[in-house]
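Reader: Pick one part of this model and take me through it closely, then work outwards to whatever it touches. Keep it chatty, but give me the cut-offs as you go.

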Amino acid sequence: MTHPLTGQRSRREQIAELYDSHAAGLFVYCADQLGDPGSTADVLVSVLTSAPEDPPRAALYAFARREIHRRDVVYAPPVVDPLVDPASALVERILRELRPQQREVLVLSHVCGLGLDELAWVLDVAPDTAEELALSAAHRFRQILTMALAATEGHVSKPVADVYGALSVAPLRDVLGRLPWPEPPGTLRINLAGSHTADPAPLFVKPRWPVPPAWPQPLGEADPASTTGLFPRDLLAPPPASRVPEHDATTAPMPKYRESVPEGPARPFTGARPGPSSLAPFDNPASL
């Protein structure tokens, strides 16, 4: 409720608005990275309850990414039955075959709907690097999908073949939209805003490796602003163009073995190997 004297909304109203605007995408992103609905809900609550009023969308995802890297990853089994929906099962399998960073970029871009500038903001990379990552991930997904569809020719029924043909030409957002992406549990909305109900998310997960994802860089020193539940102020504005992220490695130049080669008149080729006396000073091993 808006305060009658100050005209400002209550904190509960602000969180409810953030939840209604961003919870679905944030939950999908966190669930895809963590694999555990419980950890996903914890990250979502941490982001929404610590965010200031009207933060940029990319800032929310950037903070969620930091929180993801502080938690363990678990393995969630496939959710699509290939006998019921073979096309969606194929899309799910291909998405799982991608590298972790490629999958993350695809989910952020084509499922959560982030633009290239927002993607650069979230991943903490330059805009041209974000564009290259997005193009590379999309190309790799298309490449694997094309090979998988080609392997099914003549082995599926006509209705399934028609769906596969549509997958080969559909936009990536429509292709990935076939998957049953998880939704935030209704109890979370009730706890944060005091209204709305929904069915809870599935809770079954199978642990696989107890290490956090480390792309594009391993965790560094603990961030006091994040560990104390305060939203980091440095995430509320995109990185300046002149800033070079710490995880951007520099390329060393190739070593130079000879500083220079004396210039001289070209010697005609006679078809015979020249003798020691005819070698130029820099070609004679004895002169080195």
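Author: Let's start with what is tucked away in α4: Ala87, Ser88, Ala89, Leu90, Val91, Glu92, Ile94 and Leu95 are all buried there. Buried here is under 20% relative accessible area, exposed is over 50%, and partly exposed falls in between, using a 1.4 Å probe and protein chains only. Bear in mind that this is a predicted model, where local features need pLDDT of at least 70 and side-chain atom pairs count only at pLDDT 80 or more, while totals for chains, interfaces and linings use all residues. Residues are numbered from 1 along each chain as its sequence is written, and side-chain values use heavy atoms, with hydrogens and water left out.

The helix itself runs over residues 86-97, and its 12 residues reach 16 Å from first C-alpha to last, close to the 16 Å expected at 1.5 Å a residue. That expected span is 1.5 Å times one less than the number of residues. Helices are DSSP runs of H or I with at least four residues, strands are runs of E with at least two, and both are numbered from the N terminus.

What do the buried residues of α4 pack against? Their partners are α5 (100-111), α7, α8 and α9, with contact meaning heavy atoms within 4.5 Å. You can follow some of this from Phe141, which lies within α7 (127-151). Leaving aside residues up to four places away in sequence, Phe141 touches Val91, Ile94, Leu95, Leu98, Leu106, Leu172, Val175 and Leu176. Val91, Ile94 and Leu95 in that set are among the buried residues of α4.

Phe141 also turns up in the bigger picture: the largest nonpolar core has 67 residues, and Leu106 and Phe141 have the most contacts inside it. The largest share of this core, 10 residues, comes from helix α1 (residues 11-34). By nonpolar core I mean a set of buried Ala, Val, Leu, Ile, Met, Phe, Trp, Tyr and Cys residues joined through side-chain atoms within 4.5 Å.

Helix α1 deserves a detour. Of its 24 residues, 17 are buried, so the rest of the structure largely encloses it. Unlike a straight helix, which would reach 34 Å at 1.5 Å a residue, α1 has its end C-alpha atoms only 28 Å apart. There is a bend of about 60° at His22, taken as the angle between axes fitted to the seven residues ending there and the seven starting there. After α1 comes Gly35, with a positive phi near 80°.

There is 1 aromatic pair in the structure. Tyr29 and Tyr61 form it, and it is tilted, with 6.0 Å centre to centre and 45° between the planes. Because Tyr29 sits in α1 and Tyr61 in α3 (residues 57-68), the pair ties together parts that are 32 residues apart in sequence. To pair, rings of Phe, Tyr and Trp (its six-membered ring) need centres within 6.5 Å; planes under 30 degrees apart count as stacked, over 60 as edge-to-face and the rest as tilted. Both tyrosines are buried, Tyr29 at 0% relative accessibility and Tyr61 at 2%.

As for disulfides, a search of the whole structure finds 0. Cys30 is in none, and the nearest cysteine sulfur, that of Cys112, is 8.6 Å away, whereas a disulfide needs a pair of cysteine sulfur atoms within 2.5 Å. Cys30 is buried at 1%, and Cys112 also counts as buried, at 10% relative accessibility.

Back on the α4 side, the packing partners α8 (158-169) and α9 (172-176) are joined by a loop that holds Pro171. At 47% relative accessibility Pro171 counts as partly exposed. Pro171 and His110 are 61 residues apart in sequence and 9.2 Å apart in space, C-alpha to C-alpha.

Another loop to check is the one leading into α7: Asp124 lies there, after α6 (116-123). Its phi is positive, about 60°, although it is not a glycine, and Asp124 is partly exposed at 22%.

Zooming out, the protein comes to 11 helices and 0 strands. Of its 288 residues, 38% count as buried. Among contacts with a separation of 6 or more, 72% are between residues 24 or more positions apart.
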